[in-house]
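The following account leads through a predicted model. It may be read alongside the sequence and the coordinates.

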Amino acid sequence: MDRGQLYSLAREETGLSEVQMRILGHMQEALQFAADVSRDQVLVMTRGKNPDMAVVLCAVSPSYAGSPAYYHEGDVCFMDEAALAESVLLTGRKIVGRKELEIGRQVAVTAYPLSDNAGVVFASVSFLSRSTRQHQVLTDTAYMALLLPLVGEPYRPPRLQDGLLVLDSVGRILYANDIAAGLCFVLDKEAAEPRNLVGRAMIHLPLVEKIMATGRPQTGEEEAGDITLTAWGLPLFQQGKVQRTLLVLTDVTAIREKERQILVKNSVIKEIHHRVKNNLNTIAGILRMQARRADNEETKEALRRAVDRILGISQIHDILARQSGENVNWQELLARLVRLSLDSLTAGSRVRLVLEGDDEPLVMGSEAAVNLAIAVNELIHNALDHGFSGLSAGTLTISEHCEDGWFHLSVKNDGHLLPEGFGAKGYDLGLQIVRTLAEIELKGTFTFGNEDGLVAAHIRCPLKRLEVTE
C-alpha cells in the first residue's frame with residue numbers, strides 16, 4: 001500500500017488526525033524491515049469511526065516466502081476480537097499474549113503502542129507469530145526500529161541466509177541466529193562458543209564502535225582468513241542514547257572470489273587483444289616490405305589491400321583491449337573504429353563522416369562486435385577505394401538502430417554509383433567477406449546496391465546473435 005492509499009483508508013475508516021496519519025506514512029518502509037527482522041506479520045490497528053470497531057491500516061508480512069498473512073489492509077473487526085490492540089490503546093503499554101485465529105489454532109502476539117508528538121497513543125503495532133512461540137528480543141528490536149525510520153538511507157532487511165545479531169548498549173550479544181553465531185566465532189576467535197554467545201559474548205568490531213560513536217548506520221567489510229563478510233549496522237535509540245545495535249552479516253566470500261576471477265579474466269582478455277594487435281602489426285609490416293619489393297602492380301595492390309585489412313583488425317583489437325569484459329559498447333567501438341579507419345587512409349581526409357544511431361547504448365558480445373567491426377571496416381575501405389575514387393570530396397553515412405528484435409546497420413556514400421546490373425557475382429573479396437560475416441556468422445542478411453542516388457550497404461541480424469555467448 002502506498003502512502004496515498006494509507007491516507008485515504010485512514011480518512012474513510014478512522015478519526016486519526018493529519019499528523020498521526022503522516023507518522024504512519026513515514027513508518028511504512030520501516031514496517032517491512034520490522035517484519036523481516038521479527039519474522040512475524042506486523043499489523044497497525046486503530047479504532048474506527050465507530051469506537052467498537054478496529055481497523056487494520058497496515059499489514060506487512062516478511063519478504064521471504066512461506067509466512068502466512070493473517071490480516072490485510074482495510075480489514076475491520078470488533079474491538080473484542082482485537083483485545084490486545086485494545087489493551088495497548090487503553091494502557092499505552094506493551095502487551096504479550098495469544099490470539100485464536102480459528103478453533104484449536106493459536107498464535108503468539110506482542111503489541112506495542114504508537115504515540116503522536118503529544119504523547120497520545122493513537123494506534124497499536126502487533127507482531128503475529130507463525131506459532132505460539134515468539135522471541136521478545138526480536139519483537140522489541142523491530143519495534144524500536146519502527147520508532148526511528150531512516151531518512152535518506154535505505155534499510156537492509158536480513159534474508160534467510162544472513163546472520164542477524166542484536167547487541168546491547170555496550171556491544172554484548174542479546175540475540176544471534178544460527179548463522180550469525182557461526183560467523184561471530186569466525187570473526188572473533190576470543191568470542192565464546194556459538195552456544196554460549198547470547199548474554200555472554202561481546203562483539204569487537206570497528207563497525208560496532210563506529211556506530212556507537214556516531215549514532216549513524218554503518219556498512220563495512222570484514223575478512224577472517226579465507227572468509228569475507230559484509231556487515232550493516234543500525235543503531236536503535238532510547239532517550240537519546242544508543243541502547244541496541246542491529247547487525248546484519250552476509251557471507252560474500254564466493255561473490256568476492258568471483259569478482260577477483262572476473263578481474264583476472266578481464267586482464268587476460270586485454271593482454272590477449274594487445275598481443276594480437278602487436279602480432280598483426282608485425283605481419284602488416286612484413287607485407288609492406290614484400291609490397292615494396294614486388295615488381296607487379298597487381299601484386300602490390302593485393303598486398304596493400306591485405307595490409308589495410310590486417311591493420312583494420314589490429315585497430316579492432318586495440319579498441320577491445322580498452323574495454324573490460326566480454327560486453328562491448330558498440331557505439332563507442334564504431335565511432336573509434338570509423339575515425340581510425342578514415343585517418344589511416346589518404347582518401348579519408350576528403351570524406352565527411354556522418355554517424356547516426358539510437359540514443360540507447362547497445363551492448364553486445366565481443367565476438368559479434370568483432371564480426372560487425374570487420375564488416376564495417378571493409379565497407380569503409382570499399383567506399384574510399386571505389387565510391388570516392390577520383391572525387392575531391394564526399395559524404396560517408398553510417399547508421400544503426402534496433403527494431404522488432406533486429407539490428408540494422410547501413411553504410412552509404414554519395415560517390416560513384418554502381419554500374420547497372422551490378423549484383424552479388426560482381427562482389428570483390430571485401431564485399432564477399434562482409435556477406436560471409438553477415439550471413440554465416442551473424443545469421444542475418446547483407447544487401448548492396450544503388451539507393452536514392454547513393455550506394456548503400458545494409459547488414460541486418462537478430463539481436464540475439466549479438467548477445468554474449470558463454
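Which residue of β6 is the bridge partner of Gln41? The partner is Leu128. This pair belongs to an antiparallel arrangement in which 5 bridges join strand β1, residues 41-47, to strand β6, residues 121-128. Strand β1 is also joined to strand β2, residues 53-60, by 6 bridges, and these two strands likewise run antiparallel. Within that pairing, Leu43 has Ala59 of β2 as its bridge partner. The connection from β1 to β2 is a hairpin of 5 residues. Strand β1 thus has bridges to β6 and to β2, and 6 of its 7 residues are buried, leaving the strand mostly covered.

The strands just described also take part in covering a helix. In helix α2, residues 18-26, the buried residues are Gln20, Met21, Ile23, Leu24 and Gly25. The elements that cover them include β1, β2 and β6, together with α1 (3-13), α3 and β5 (105-115).

Helix α3, one of these covering elements, spans residues 28-38 and contains Val37. Is Val37 buried or exposed? With a relative accessible area of 1%, Val37 falls under the 20% limit and is therefore buried. Beyond its neighbours within four places in sequence, Val37 is in contact with Leu138, Ala142, Pro158, Leu164 and Leu246. A further relation links Val37 to Pro62: the two are 25 residues apart along the chain, and their C-alpha atoms are separated by 8.1 Å.

Leu138, a contact of Val37, reappears in the description of the largest pocket. Which residues lie nearest the centre of that pocket? They are Ser38, Arg39, His135, Leu138 and Tyr175, from a lining of 16 residues. Two or more lining residues come from each of α5 (136-146), β8 (173-176) and α6 (178-187). The pocket has a volume of about 350 Å³. By residue class, its lining comprises 4 nonpolar, 7 polar and 5 charged residues.

A charged side chain can also be followed elsewhere in the chain. Glu378 lies in helix α11, which covers residues 366-387. The relative accessible area of Glu378 is 4%, so this residue counts as buried. When neighbours within four places in sequence are left aside, the contacts of Glu378 are Arg305, Arg309, Gly430, Ile433 and Val434.

The cysteines remain to be considered. A disulfide is a covalent bond between the sulfur atoms of two cysteines. How many disulfides does the model contain? The count comes to 0. Why does Cys77 form no such bond? The closest cysteine sulfur, in Cys58, is 15 Å from the sulfur of Cys77 and therefore too far for a bond, the cut-off being 2.5 Å. Cys461 is in no disulfide either, as the nearest cysteine sulfur, that of Cys402, is 8.7 Å away. Both Cys77 and Cys461 are nevertheless covered: Cys77 is buried at a relative accessible area of 11%, and Cys461 counts as buried at 0% relative accessibility.

Key
Residues numbered from 1 in each chain as written. Predicted model: local features only at pLDDT ≥ 70, side-chain atom pairs only at ≥ 80, totals over all residues. Heavy atoms only, no water. Buried < 20%, exposed > 50% of the residue type's maximum accessible area, 1.4 Å probe, protein only. Helix = DSSP H or I, 4+ residues; strand = E, 2+ residues; numbered from the N terminus. Pairing = 2+ DSSP bridges. 1 Å grid on protein atoms, 1.4 Å probe; cavity = no way out; pocket = protein on both sides within 12 Å on 5 of 7 lines; lining within 4 Å. Points joined across faces, edges and corners; volume = space filled by probe spheres on them. Nonpolar A, V, L, I, M, F, W, Y, C, P; charged D, E, K, R; others polar. Contact = heavy atoms within 4.5 Å.
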